[in-house]
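I opened this model to go through its domains, its ligand site and a few single residues. My notes follow in the order in which I looked things up.

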Amino acid sequence: MDFENILISDKEAVRTITINRPAKLNALNKQTIDDLSKAFIAAEEDKNIRAIILTGSGEKAFVAGADISEFAHYEKDQGEELSADGHKKLFNRVEQLGTPVIAAINGFALGGGLELAMSCHMRVASSKAKMGLPEVSLGVIPGYGGTQRLAQLVGKGRALEMISTAGMIGVVEAHQMGLVNHVVEPEVLMEKCVAIASSISRNSPTAIKAAIRAVNAQYAEGVDGYAVEIEAFGSCFDSEDFKEGTTAFLEKRKPQFSGE
Ligand code: COA
């Protein structure tokens, strides 16, 4: 797979996707969103891949936002289309991906960058990272799910403070409010993410996919998350992974999950 603005590398069952526009602090232009969209679909279809790490190229930024130069001249309909397109192609897709995605936040995660990190299933930050949703300082609001996902992750009051002040927070505050799961020194950021990804890759992909679906159901409008959990729980019993997991336990050996 060759992409203009992203790099892909695999190690065992873990795929790393690196957003690679360091000169523009990895800002998300349309091409990058398209590349990421295709890369996530390909990763999910690859049965050998059990976890994905998403990070930014260079030392400065994870992603410094949507590419402001692309939308500065837009009008209402184009703005709406930009937002809807991004939700569909990338942000909702990442959130609903059956393969867990870990955001390795290596620097600035601003605007669309923080929104992308929040679409991931979990976040690990370098101690140098800075996060914020500065959109209102540009006269616009977060449009890639930030108004919803930030409130889900940190609560409405903190979300509205971050959004309306357009301020940046450091990792101590981000960790305290539950925006990131872990904070580590920059040199060990990828190591920490790989350790989490490796733990994930030892478990049943079928069950993890079902768990993501059930957890996401809590935030879906008009959906009873408990009902989704019951159905998803039941569906696991039909899987090869369930047979393998329970048999391996009873035979006192490590399971070898196929993801079927
Ligand atoms: N869109 C487009 N280009 C961006 C960008 C964005 N969101 N963020 C950074 N860049 C570009 C800069 O224009 C600059 O390009 P140039 O060298 O061709 O002029 C390059 O990336 C480096 O950024 P620069 O601003 O010079 O770095 P800095 O260290 O002085 O500041 C930031 C870093 C992150 C504070 C600053 O780049 C910034 O505020 N970015 C915008 C953040 C934002 O508002 N994001 C939300 C968008 S909705």
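Entry 1, domains. I started with the contacts between the domains: ten residues of domain 1 touch six residues of domain 2. I took the bounds from the domain assignment, which puts domain 1 at 6–201 and domain 2 at 205–250. I then looked up the separation of their C-alpha centres, which is 26 Å. I note here that the model is predicted.

Entry 2, ligand. I asked which residues come nearest to the ligand. Out of 15 residues around the ligand, these are Lys24, Lys60, Ala64, Ala66 and Ile68. I sorted the shell by residue class and got ten nonpolar, one polar and four charged residues.

I next went through backbone N or O atoms beside the ligand. For Ala66, such an atom is 2.9 Å from a ligand nitrogen. For Ala64, the distance to a ligand nitrogen is 3.0 Å. For Ala23, the partner is a ligand oxygen, at 3.4 Å. I also looked up how much of the ligand is covered: on its own the ligand has 860 Å² of accessible area, and the protein covers 60% of this.

Entry 3, Arg15. I located Arg15 in strand β2. Is Arg15 buried or exposed? Its relative accessible area is 4%, which is under the 20% cut-off, so I list Arg15 as buried. I then looked for a polar partner of its side chain and found the side chain of Asp46, at 3.2 Å. Asp46 also appears in the list of residues in contact with Arg15, from which neighbours within four places in sequence are left out. Besides Asp46, that list holds Met1, Ile8, Ser9, Asp10, Ala42, Ala43, Ile49, Ala51, Ile52 and Ile53.

Entry 4, backbone angles. I checked for positive phi at residues that are not glycine. Asn26 has a phi of about 60 degrees. I placed Asn26 in the loop that runs between β2 (14–19) and α1 (30–45). I list Asn26 as buried because its relative accessible area is 0%, against a cut-off of 20%.

Ala166 also has a positive phi, of about 60 degrees, and is not a glycine. Where does Ala166 lie? I found Ala166 in the loop between α6 (156–165) and β9 (168–169).

Definitions and conventions. Residues numbered from 1 in each chain as written. Predicted model: local features only at pLDDT ≥ 70, side-chain atom pairs only at ≥ 80, totals over all residues. Heavy atoms only, no water. Helix = DSSP H or I, 4+ residues; strand = E, 2+ residues; numbered from the N terminus. Buried < 20%, exposed > 50% of the residue type's maximum accessible area, 1.4 Å probe, protein only. Near = heavy atom within 4 Å. Polar contact = N/O pair within 3.5 Å; in protein donor to acceptor, adjacent residues only side chain to side chain. Areas by Shrake-Rupley, 256 points an atom, 1.4 Å probe, with all protein chains shown as cover. Nonpolar A, V, L, I, M, F, W, Y, C, P; charged D, E, K, R; others polar. Domains from an automatic or database assignment. Contact = heavy atoms within 4.5 Å.
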